[in-house]
Amino acid sequence: MKLYFTKTPRIFTRIFSNYTWRFSSDKKEIYLTFDDGPTPEITDFVLSELQKYNAKATFFCIGKNVEKHPDIFKRLITEGHTVGNHTQNHFNGWKHKTVNYLNNIETASKLIESKLFRPPYGKIKASQGKELIKKGYKIIMWSVLSADFDTSISREQCLQNVLRNTNNGSIVVFHDSLKASEKLTYVLPKVLEEFSKKGFTFKAIT
Ligand SMILES: [Zn+2]
C-alpha cells in the first residue's frame with residue numbers, strides 16, 4: 001500500500017488552508033517544483049529541459065546542498081527560476097522541536113534568500129507552520145506528487161501520476177536528487193512536451 005496521495009485530497013487543503021496547495025484555476029498555468037537539490041548533473045539536466053520550453057520553475061533547495069554546489073544554485077536564479085527554503089539538513093518537522101526546526105531553516109536562509117518554504121516530507125507541526133508564517137514565510141505544499149522518489153513504481157506510473165492529476169494551477173512535485181533521477185529524466189521531458197502541446201505555460205512561484 002502506498003503511504004502517500006499522488007493527488008492531494010481536498011480535505012487536507014481545507015484543514016491546512018493557511019498553506020498553499022495550488023493556484024488559481026483560471027489560467028492554463030502549471031507550477032513545477034523541484035526539491036532536494038542542487039545536485040550536479042541532475043539539476044543541470046532539469047535546467048536544460050526547462051529551457052527548451054521556456055519554462056520557469058521553483059527549486060526548494062537544501063541549505064547543505066547549496067553550500068556544496070553554489071554555482072548550480074546561482075544558475076537557477078540567473079535563468080529566471082525561483083528558489084525556496086527546504087531546511088539546512090532536510091529536517092522532518094514531526095521529529096524536531098519547533099525551536100530547532102526554526103533554527104535549521106534560519107541557517108538555510110543565510111544561503112537561500114527566499115520567503116518560500118516547503119517542509120521536507122510535507123511533515124510540519126502546526127506550531128512550526130504558525131511561527132514561519134509569523135516570520136513572513138509562505139508555506140508551499142502541492143496538489144500533484146509525481147512520486148519520483150518511490151522505487152517501487154515504474155517510470156510509466158510516475159508519468160501517469162503527473163499526466164492524470166495535473167490541470168490549471170497545479171503545483172507539481174519532482175526531486176532533482178540522485179534517488180529520483182532515473183524517473184525524473186524519463187518523466188520531465190514528457191510532461192513538458194505534453195502540457196506545452198495542450199497550450200499550458202510553466203511558471204515559477206513568487
Ligand atoms: Zn525534500
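This passage describes a metal site, three backbone features and one helix pair in a predicted model.

The zinc ion is coordinated by three side chains: Asp-36 through OD, and His-86 and His-90 each through NE2. The distances from the zinc ion to these donors are 2.0 to 2.1 Å. Along the chain, the donors follow the spacing D-x49-H-x3-H. Asp-36 and His-86 are 50 residues apart and link distant parts of the chain. Asp-36 lies in the loop between strand S1 and helix H2, whereas His-86 lies in the loop between strand S3 (82-85) and helix H5 (98-109). Both of these donors are buried: Asp-36 has a relative accessible area of 15%, and His-86 has a relative accessibility of 1%. Because buried means under 20% relative accessible area, the value of 15% places Asp-36 in that class.

The loop between S1 (29-35) and H2 (42-52) also holds Pro-38. The peptide bond that joins Gly-37 and Pro-38 is cis, with omega at about -5°. In general, most peptide bonds are trans, and most residues other than glycine have a negative phi.

Two residues depart from the second of these tendencies. Asn-54, which is not a glycine, has a positive phi of about 50°. Its position is in the loop between H2 and strand S2 (58-61). Ala-147 likewise is a residue other than glycine with a positive phi, here near 60°. Ala-147 belongs to the loop between strand S6 (144-145) and H7. The surroundings of the two residues are described by opposite classes of accessibility. Asn-54 is exposed, at a relative accessible area of 61%, while Ala-147 is buried, at 0%.

Helix H7, which follows the loop of Ala-147, spans residues 155-165 and packs against helix H8, residues 181-197. The angle between the two helices is about 35°, and their axes are 9 Å apart. The crossing of H7 and H8 is right-handed. On the H7 side, the contact is made by Arg-155, Glu-156, Cys-158, Leu-159, Val-162 and Leu-163. On the H8 side, the contributing residues are Glu-182, Lys-183, Tyr-186, Val-187, Lys-190, Val-191, Glu-194 and Phe-195. By class, the contact of H7 with H8 comprises eight nonpolar and six charged residues, with no polar ones. The charged residues include Arg-155 and Glu-156 of H7 and Lys-183 of H8, and the nonpolar residues include Leu-159 of H7 and Phe-195 of H8.

Notes: Residues are numbered from 1 along each chain as its sequence is written. This is a predicted model: local features need pLDDT of at least 70, side-chain atom pairs count only at pLDDT 80 or more; totals for chains, interfaces and linings use all residues. Side-chain values use heavy atoms; hydrogens and water are left out. Axes are lines fitted to C-alpha atoms, for helices over the stretch in contact, and angles run from 0 to 180 degrees between N-to-C directions. Helices (H or I, at least four residues) and strands (E, at least two) are DSSP runs, numbered from the N terminus. A crossing is left-handed if the near helix is turned anticlockwise from the far one by less than a right angle, and right-handed if clockwise. Contact means heavy atoms within 4.5 Å. Buried means under 20% relative accessible area, exposed over 50%, partly exposed in between (1.4 Å probe, protein chains only). Donors are N, O and S atoms within 2.8 Å of the metal (3.2 Å for Na, K and Ca); water is not among the atoms, so sites may look incomplete.
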